[in-house]
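Here is a short report on a protein model with two chains. Have the sequence and the structure in view as you read.

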Protein chains: 2
Amino acid sequence: METRDLQASERFAPDKMQKCSLFQTQRLWCDLYCLEPGQAQKVHSHAGSDKVYLVLDGRAAVTVGGEERELAAGQAVLAPAGQPHGVRNSSEARTTLLVMTAPPIS
Amino acid sequence: METRDLQASERFAPDKMQKCSLFQTQRLWCDLYCLEPGQAQKVHSHAGSDKVYLVLDGRAAVTVGGEERELAAGQAVLAPAGQPHGVRNSSEARTTLLVMTAPPIS
């Protein structure tokens, strides 16, 4: 059985946001994003994949389709295929997010 | 922007586990499972969809492919397509899980 402990999977780096893969299959990606204060994933889009961001710790300013909203731990957002999206650690503390993408980006 | 607050989305019932949909697209389902002590999702399988369970609160005994393992909050498991899987609240407290399925079960 493939299990993962999220806290043990966390990895931070001073130069950029870290994307830690939890599970990768032909049908989905499940990742942990670890952002130091001020770090970000640039706004981008992919035509054929939907993405869900869930803030696990800290606070994140999430952009979807030109709108930005600040989310706290326990809040989630959908970035539908084709919509520009990105995330930024808008807090003074480390921020972690669970990110699921389906299907994987080819 | 479609956002969800997980705590506000929780719903429990005395007769059976509650499955609360957070996001449904053509490519994925993202649900919150809410289980009172002793409640369970029966072991089942689906040939074409992968599933990820993440325990958010409480403890869950998760079965995948004939093996059962107890997971605590912050632990996740992959149930690959075709493998029998299910979940049971093995604790004395309420248990919630984030569950992602891709693609949706047809």
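Strand 8 of chain A and strand 1 (residues 3–5) of chain B run antiparallel and are joined by 3 bridges. Within this pairing, Ala76(A) has Arg4(B) as its bridge partner. Strands here are DSSP runs of E with at least two residues, and helices are runs of H or I with at least four; both are numbered from the N terminus. Two strands pair if DSSP finds at least two bridges between them.

This is a predicted model: local features need pLDDT of at least 70, side-chain atom pairs count only at pLDDT 80 or more, and totals for chains, interfaces and linings use all residues. Residues are numbered from 1 along each chain as its sequence is written, while chains are lettered from A and ligands numbered from 1 in the order in which they are written.

**The sheet**

The pairing across the chains belongs to an open sheet of 6 strands, in the order 2(A)-3(A)-10(A)-5(A)-8(A)-1(B), with antiparallel pairing. Strand 2 of chain A and strand 1 of chain B stand at the edges with a single partner strand each, so one side of each has no neighbour in the sheet. From one strand to the next, the twist averages 20 degrees. The angle is taken from 0 to 180 degrees between N-to-C directions, using lines fitted to C-alpha atoms.

Three pairings within chain A are listed here.

| Strands of chain A | Bridges | A facing pair |
|---|---|---|
| 3 and 10 | 7 bridges | Leu35(A) and Thr95(A) |
| 5 and 10 | 7 bridges | Leu54(A) and Leu98(A) |
| 5 and 8 | 4 bridges | Lys51(A) and Ala79(A) |

**The core**

Is strand 5 of chain A mostly covered or mostly uncovered? Of its 8 residues, 7 are buried. A residue is buried if 20 or more other C-beta atoms, placed from the backbone, lie within 10 Å of its own; it is exposed if 12 or fewer do, and partly exposed in between.

The largest nonpolar core has 56 residues. Such a core is a set of buried Ala, Val, Leu, Ile, Met, Phe, Trp, Tyr and Cys residues joined through C-beta atoms within 7 Å. Among the residues with the most contacts inside it are Tyr53(A), Leu97(A), Tyr53(B) and Leu97(B). Leu97(A) touches residues including Tyr33(A), Tyr53(A), Leu54(A) and Val87(A), leaving aside those up to four places away in sequence. Contact means that the C-beta atoms of two residues, placed from the backbone, lie within 7 Å.

**The contact between the chains**

Each side is named in turn: 33 residues come from chain A and 33 residues from chain B. Strand 8 of chain A gives the most to its side, with 4 residues. The side of chain A that touches chain B has 19 nonpolar, 7 polar and 7 charged residues. Here Ala, Val, Leu, Ile, Met, Phe, Trp, Tyr, Cys and Pro count as nonpolar, Asp, Glu, Lys and Arg as charged, and the others, Gly among them, as polar.

**Symmetry**

A turn of 180 degrees and a shift of 0.0 Å along the axis lay chain A on chain B with an RMSD of 0.0 Å. That is the relation of a two-fold axis. The superposition is by least squares on C-alpha atoms of residues with pLDDT of at least 70 in both copies. The same surface serves both copies, as 100% of the contact residues of chain A recur in chain B. Which residue of chain A comes closest to the rotation axis? Ala102(A) does, at 3.2 Å (C-alpha).

A cis peptide bond joins Ala102(A) to Pro103(A), with omega about -10 degrees. In chain B, the bond from Ala102(B) to Pro103(B) is cis, with omega near -15 degrees.
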